[in-house]
Amino acid sequence: MQSFTGHHTSNSSYCAHRGAVLHFLSDPGAHDDPHSYEFIADGLLLIDNGLISAIGPATALLPTLPADLPIVEHGDNILLPGFIDTHIHYPQTDVIASGGRQVLDWLEDYTFPAERKFADASHAQEVAEFFLDELARNGTTTAMVFCTVHKASVDAFFAAASKRRTRMIAGKVLMDRNCPEYLRDSASEGERESRELLEAWHRHERLLYAITPRFAPTSTPAQLESVGRLARQFPDAFVHSHLAENRAELAWVKQLFPEARSYLDVYDRCGLLRERALYAHCIYLDETDRARMASTGASAAFCPTSNLYLGSGLFDIAAADAAGMRFAIATDVGGGSSFSMLRTLGEAYKVSQLLGQHLSPLRAFYLATRGGARCLGLEHRIGCFAVGAEADFIVLDRYATPLIARRCAQARTLSEALLVLLTLGDDRAIAATYILGRQAYAKPNPRPASTN
């Protein structure tokens, strides 16, 4: 067999990766169910034509493999399914770390002027390429992405993602009021353009389309009705929007939709709660709202860095669990302050601490992998190492910095090592990212992993 160090990229469609293999079988929950994950300290992943063909202990699998099979050696670095970011805005790449305003002011001062530029297809293409580079560098292999109102922004994003063979979900933003005229569409125009984009891109290669009203205040009742019509006509498409992020936003929704019981009810009345519907934030929900989310299969995207940066509030994990409401983790760039899912998990841990709750490291990594896939209805394709799953995975570097290496060496359990990585890790802790088994990113000059 041919062995290569972890920075080697094999062009073979059939190869193996050896390292510490971790993936999740189910939600570890509040008590770290020991049957919810599989960890193989010296494991082997077999990749065949972009899919997982086998997983198991290296000592058991190696004798069964062809003598000339390429094997990429990662030492004791951790092989993990790629991160899944369930809510992010690619047009806001250039407004990350802007201002100190709350969300409604932030939209007016930073977001809308930045999004205006995406009428220019060349600008959209350049930002899309940079954005996808950043995702790969941070170990994110799938994301649910807001574009802008411009068709060009969607075409540019999907074209760039298609070249990289990544599984991405995205859609054209719909808004026909309470926004600048230069970003305003109409109910009929938004529906027509969304239908054209759905027909062009949904299920093209690995790409999926999300029907994307920005949030209830920027859509008239007529536009929300058109969104519901699209959702009925394309039942396997996604629905992606914002919900209950900020108290001022809640008051505004109440003024605009006095007939609705709650903010969530605005969407519910239009038929927008269902499987594959994902709503960012979901901070200010009541028990009835959470129960309705759970019963319809709609999911929440927990955006800790954005919620803290914009002073929006704290997502209540315990209340979501009590209702059976599904949720996953999201960076929400550019309100969110980092592309790194590791940094985002670190902030999620702190949010739970502030609420007197506990987010275990194992559950955090579940939420960033299989948990995200489950919310998207894709858990048998991505987010795990099941045989036949798509081989999107990353290599977590236990030696990324001297401090991480020192602390990981002292970790007594897997959970302790993961806590170190989510507390101290960032893009430097991503040694490599693989898309369908092919290397999409490799950290320059990685420190050699231990083979002990």
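Helices here are DSSP runs of at least four residues, numbered from the N terminus. Keep that in mind for helix H5, which spans residues 187-201 and holds both Arg192 and Glu196. One more thing before we go on: this is a predicted model.

Let's stay with that pair for a moment. Arg192 and Glu196 sit 4 residues apart, about one turn of the helix. They form a salt bridge, with the closest N and O atoms 3.3 Å apart. Side chains of opposite charge can pair when their charged atoms come close. How open is the pair to its surroundings? Arg192 has a relative accessible area of 42%, so it counts as partly exposed. Glu196 is partly exposed as well, at 32% relative accessibility.

Now for a pair that reaches across the sequence. Asp392 makes a salt bridge to Arg206, and here the closest N and O atoms are 2.7 Å apart. Asp392 belongs to the loop between helix H14 (370-375) and strand E15 (393-396), while Arg206 belongs to the loop between H5 and strand E10 (208-213), so this salt bridge ties together parts that are 186 residues apart in sequence. Are these two residues buried or exposed? Both Asp392 and Arg206 are buried.

A third salt bridge mixes the two situations. Arg269 pairs with Asp265, with 2.8 Å between the closest N and O atoms. Arg269 counts as exposed because its relative accessibility is 51% and the cut-off for exposed is over 50%. Asp265, at 17%, counts as buried, because buried means under 20%. Elsewhere, Glu129, Asp133, Lys163 and Arg164 are joined into one network by salt bridges that share partners. If you want the full tally, the structure holds 30 salt bridges.

Let's move to the strands. Strand E2 (residues 14-24) pairs with strand E3 (residues 37-48) in the antiparallel sense, over 10 bridges. Within that pairing, Tyr14 stands opposite Asp48 in E3. On to the next partner: E3 also runs antiparallel to strand E4 (residues 51-57), and 6 bridges join them. One bridge to look at is the one where Ile47 has Ile52 in E4 as its partner. What lies between E3 and E4? The two strands form a hairpin with 2 residues between them, and Asn49 in the turn has a positive phi of about 55°.

Next, a pair of helices. Two packed helices are described by the angle between their axes and the distance between the axes. For helix H15 (residues 402-410) and helix H16 (residues 414-424), the axes come within 8 Å and cross at roughly 160°. That makes H15 roughly antiparallel to H16, because angles over 145 degrees fall in that class. The crossing of H15 past H16 is right-handed. Which residues make the contact? On the H15 side they are Leu403, Ile404, Arg407, Cys408 and Gln410, and on the H16 side Glu416, Ala417, Val420, Leu421 and Leu424.

Last stop: Arg292, which lies in helix H9 (residues 287-296). With a relative accessible area of 36%, Arg292 is partly exposed. Setting aside neighbours within four places in sequence, Arg292 is in contact with Leu264, Asp268 and Leu273. Try pulling up Ala323 as well: Arg292 and Ala323 are 31 residues apart in sequence, and their C-alpha atoms are 8.8 Å apart in space.

Methods. Residues numbered from 1 in each chain as written. Predicted model: local features only at pLDDT ≥ 70, side-chain atom pairs only at ≥ 80, totals over all residues. Heavy atoms only, no water. Pairing = 2+ DSSP bridges. Salt bridge = Lys/Arg side-chain N within 4 Å of Asp/Glu carboxyl O. Buried < 20%, exposed > 50% of the residue type's maximum accessible area, 1.4 Å probe, protein only. Axes fitted to C-alpha atoms, helices over the stretch in contact; angles between N-to-C directions. Parallel < 35°, antiparallel > 145°, perpendicular 65-115°, else oblique. Left-handed = near helix turned anticlockwise from the far one by under 90°. Contact = heavy atoms within 4.5 Å.
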